[in-house]
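Visitor: I would like to walk through a protein model with you. Could you show it to me and take my questions as they come?

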Amino acid sequence: MEYNFRDIEQKWQQKWVDLKTYKVVEDKNKQKFYVLNMFPYPSGAGLHVGHPLGYIASDIYARYKRLKGFNVLNPMGYDAYGLPAEQYAIQTGQHPEVTTKKNIARYREQLDKIGFSFDWDREVRTCDPHYYHWTQWAFEQMFNSYYDNRLQKAQPISQLVKHFEEEGTLNLDVAKSEEFVFSARDWMSMDEHEQQEKLMNYRIAYLGETMVNWCPGLGTVLANDEVVNGVSERGGYPVVQKLMKQWCLRVSAYAQRLLDGLEKINWSDSIKETQKNWIGRSEGTEVEFKYVTPNGSEGQKEGKFTIFTTRADTMFGVTFMVLAPESELVKELTSDAQKAEVEDYLAYVKKRTELERMSDRKVTGVFSGSYGINPFTGEQLPIYVSEYVLAGYGTGAIMAVPAHDSRDYAFAKHFNLPIVPLIEGADVSEESFDAKEGIVINSPAEGKEAALEGFSLNGLTVKEAIAKTKKFVSERGIGRVKVNYRLRDAIFSRQRYWGEPFPVYYKKGMPYMVPTDCLPLELPEIDKYEPTESGEPPLGRAKMWAWSEKENKVVDKSLVDDETVFPLELNTMPGFAGSSAYYLRYMDPHNNDALVGREADEYWQNVDLYVGGTEHATGHLIYSRFWDKFLFDIGCSCKDEPYEKLVNQGMIQGRSNFVYRINSDDHSKAPVFVSLGLKDKYETTPIHVDVNIVHADVLDVEAFKAWRPEYKDAEFIFEDGSKSADRTSNESTAGNAVYKCGWAIEKMSKSMFNVVNPDDIVEQYGADTLRLYEMFLGPVEASKPWDTNGIDGCFRFLKKFWKLYQQELNDEEPSKESLKSVHKLIKKVTGDIEQFSYNTAISAFMICVNELSQQKCANKELLKKLVIVIAPFAPHMAEELWEQLGGETKSVCDAAWPAWDESYLVENEVQLTVSFNGKARFQMTFPADATKEDIEKCALADDRSKHYIDGKTIVKIIVVPRKIINIVCK
Ligand code: ANZ
């Protein structure tokens, strides 16, 4: 029988649906294994061959684990909220739900063709109210929680209220936005509004004033990467920094746990490193400095402020101080004389994004007019304001040590400020900036009217000096040890339509939660998807968008009376909201009472294998870990790390093809294209050509002419120099009379005409070939070009595999060689799958099938084992062969992964090198169990030996079986 992949694939895809082959239910008698792909955003362009790479890799693993007896959960769904659908809606008026549904249907169709083992009964869509019900619920839980630093755990806000009632802020060690001090009496005397305001400072989901990139032209906040050179990437509208009330998540409270958790999980070192840097733990010291302002309209002022330093040892090298422009101190410290200059500077900084401020090396700043006093030397230090100090990090104020910090150095040079090294006479150069372990301090500055009699760091190493200074400032009460994290709280509001609505309404500007039993709060209909004329987010257009406390339901906005009917929140949640806990929902997707039921959660626990791209290293993979830790704290998830093992698939790059158009000024003539080999003889312009009309780099000339109207009459100079113009149309393209294209590896993109659609590959070669080929391209983690030229090899292999079974099979004893071939393969493939080394496993299959064909192996049992082993890679073919062989189970998916028998793998022959007087001369093959005497006899009997002995006398023969033979002769 021919290998008819079309019939086979169609038949089994249908059977899998009918038999519910991939439906999975909790089964306590079986060990669970949870495989998860980062779910896709269903874009309008559909899948290209790069997308399924990770899905195929995880599908192979899922199928393998099932064959090994595990109960495997392998779900799929859609990250369905997102900007492209909304932008499209703005342009066309088409409801984003309509386009999203259409795109999902297309994705599903494409996915189905590839033969994945997804349990579609568990599908989730983030835009489905049954799904976002639980996103909203989790948000409410965060609103109703605070983070206890001592317990390192989220706690119900009611407990904090109790603490305030009993002790005020005394003995409180919790995560917060601002430092407040009040007594229990103070608390009790506050009205509800004030109390709520205070509580907001501690909630895990809180409404906070944060600096955002505000784009008035687009009416929305933009993310850092959407702003380029101070204007919006889309449209080029000006962007300003603006303090705005936004929903935020207190991710920073979890910084240490997010860091510690990395030790427990099996992720690549590079992703862990990226997350560590993102969290950015920094152990340093906070030191208090006094300040004095010059005599001005408010008289001379004095006060204190705190700086954060990781180099407390450099106290004697401080020559000036710097405040972040946003620091509240700026106003206080700006002298009358400097006022105008400072204000100009602040206006300039407002236009700069944080990213620009950090990456720009340009030195800018302004003197405030005031001075700080070094607590160690009593020296007066000018206080500057500069954008290189960030408001959101440390205390937003620094002591500057230009001899040891490169940014301080550049600043000092620019403003002509003193530079004082800690090592007397040391060369101040870029190299000395780093804290070198062994460096011994010998600071000339210590001699200066030292305010602290007897305190010296001279003679100490940097490390010792830091420790000594830390201890000293803590004891004197002028500072303390402080751990800082770069990780910021996440801004959680978007001025968008197509996202989860917040279950929040406002009473006198104070947010209240829609009761949990009224969730989900569904996204309302609106007429247009743009901001309102008054600049409100699109939800400002919704008519039915007010909350009635009395009726506990959404009512018409015109009914708002601020007594019982209140306005609802107009922002929606950002893209990462829906993807943060989706892995939990897959465990129990139809549960109407909980995000995940206890039983399901305890059975599935967490994801054993997570597959997705590295681009999510600091976004989704941080938010999701945070979200899960929070759910763990409130007892909703039983594991505090969501993803045990993470595999990052590489990118599939496109392989572009080019044709070379001969340059000509006469545009009335038909264009002429010259083949690759001859192109250097002309002046040409390379033009991208659709890779789908190129085969093995040879252009399908007729298809090319039909591709674009302007190429209708194109002429060609072929590789052998012949011309299309000289050829009659039905002449065959003999020899090298072909048009050869050039090629390059580039990003797979529509504009480069190098996008390959998996549907086309499936149509031409079948899904099994596509699956095999994607894995054969190279290691899963590596980025690699899509090169269709190799796909035929995989297709031929599958045909050869198929052919092995299209003969009379028997139950006769298989040959030793065949047993060895198959058992060797099982061992290799088992090991390779465990390592995700699928390309090497496929090579092993190819070798094995060649061997079995040569051996004319027809043993049914042996060939059956082979079918099971290939099933994860080529499931359709495996099912068909399994059926042909009369397999014991309805589907090969339920067979048992075969074990290999080491005894078949023992080598029965060995190759030895025969040496003469220590010189290796030739190789001989011996039975593995040959004795010393046998080897000696055979070696001497060989004709080649006679040649090397050449009449000399043999003095000694050294034989080490399986290792060497050395014949010594004189
Ligand atoms: C004196 C000093 C001397 C510093 C020296 C460094 C080198 P990490 O490791 O990232 O935590 N700094 C503190 N707050 C800052 C802010 N808001 N914006 C910009 N820079 C800030 O860096 C901590 C160091 O960065 C601190 O230690 C401070 O400069 C600066 F030879 O203090 B250092």
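Guide: What follows is a set of questions and answers about this predicted model.

Visitor: To get my bearings, how many helices and strands are there in the protein?
Guide: Happy to start there. The C-alpha trace spans about 110 × 85 × 80 Å along its principal axes, and 52% of the 970 residues are buried. The secondary structure comes to 30 helices and 36 strands.

Visitor: How far apart do the C-alpha centres of domain 2 and domain 4 lie?
Guide: The assignment divides the protein into domain 1 (280–483), domain 2 (650–755), domain 3 (758–902) and domain 4 (907–967). For domain 2 and domain 4, the C-alpha centres are separated by 61 Å.

Visitor: Let us turn to charges. How many salt bridges does a search of the whole structure find?
Guide: In general, side chains of opposite charge can pair when their charged atoms come close. One such pair here is Glu283 with Arg281, at 2.9 Å from N to O. A search of the whole structure gives 51 salt bridges.

Visitor: Which helix holds both Glu97 and Lys101, and how are they separated?
Guide: The two side chains form a salt bridge, with N to O at 3.2 Å. Glu97 has a relative accessibility of 32% and Lys101 has 47%, so both fall in the partly exposed class, between 20% and 50%. They are four residues apart, and therefore about one helical turn, in helix H4 (residues 96–113).

Visitor: What is the distance between the closest N and O atoms of Asp112 and Arg108?
Guide: These two also lie in helix H4, four residues apart, which means a separation of about one helical turn. Asp112 is partly exposed at 33%, and Arg108 is partly exposed at 27%. Their salt bridge brings the closest N and O atoms to 3.1 Å.

Visitor: Are Glu283 and Arg281 buried, partly exposed or exposed?
Guide: Buried would require under 20% relative accessible area, and exposed over 50%. Glu283 has 45%, while Arg281 has 38%. Because both values sit between those limits, the class for Glu283 and Arg281 is partly exposed.

Visitor: Which residues are linked with Lys264 in a network of salt bridges?
Guide: The network holds positive and negative side chains together, with Lys264 as one of its members. Its partners in the network are Arg625, Lys629, Asp640 and Glu641.

Visitor: Which residues gather in a patch of negative charge on the surface?
Guide: Two of the members, Glu194 and Glu197, lie in helix H8 (residues 192–200). Patch members need over 30% relative accessible area, and Glu194 has 38% while Glu197 has 46%. The full group is Asp191, Glu192, Glu194 and Glu197.

Visitor: What separates the C-alpha atoms of Glu197 and Pro511?
Guide: Along the chain, Glu197 and Pro511 are 314 residues apart. In space, their C-alpha atoms are separated by 9.7 Å.

Visitor: And the nonpolar surface: what is the area of the patch made by Ile958, Val960 and Ile964?
Guide: Ile958 is in strand E35 (residues 954–960). Its relative accessibility is 34%, so Ile958 counts as partly exposed. Together the three side chains make a nonpolar patch of about 210 Å².

Visitor: Is Met315 buried or exposed?
Guide: Met315 sits in the loop between strand E11 (302–309) and strand E12 (320–323). Its C-alpha is 8.5 Å from that of Thr377, although the two are 62 residues apart in sequence. With a relative accessibility of 0%, Met315 is buried.

Visitor: Now some backbone geometry. Which peptide bond is cis, with omega near 0°?
Guide: As background, most residues other than glycine have a negative phi, and most peptide bonds are trans. Pro520 lies in the loop between strand E19 (510–513) and strand E20 (546–548). The cis bond runs from Leu519 to Pro520.

Visitor: What is the phi of Asn552?
Guide: Asn552 is in the loop between E20 and strand E21 (553–555), and it is partly exposed at 35%. Although Asn552 is not a glycine, its phi is positive, at about 55°.

Visitor: Last one: what is the phi of Gln605?
Guide: Gln605 belongs to the loop between helix H18 (598–604) and strand E23 (607–612). Its relative accessible area of 25% makes Gln605 partly exposed. It is not a glycine, yet its phi is positive, at about 60°.

Technical notes
Residues are numbered from 1 along each chain as its sequence is written. This is a predicted model: local features need pLDDT of at least 70, side-chain atom pairs count only at pLDDT 80 or more; totals for chains, interfaces and linings use all residues. Side-chain values use heavy atoms; hydrogens and water are left out. Patches are made of residues with over 30% relative accessible area and no salt bridge: like charges are joined within 9 Å, nonpolar side chains (Val, Leu, Ile, Met, Phe, Trp, Tyr) within 5 Å. Accessible areas come from the Shrake-Rupley method with a 1.4 Å probe; for residues, only the protein chains shown count as cover. A salt bridge is a side-chain nitrogen of Lys or Arg within 4 Å of a carboxyl oxygen of Asp or Glu. The place of a charge is taken as NZ of Lys, CZ of Arg, CG of Asp or CD of Glu. Buried means under 20% relative accessible area, exposed over 50%, partly exposed in between (1.4 Å probe, protein chains only). Domain bounds come from an automatic or database domain assignment.
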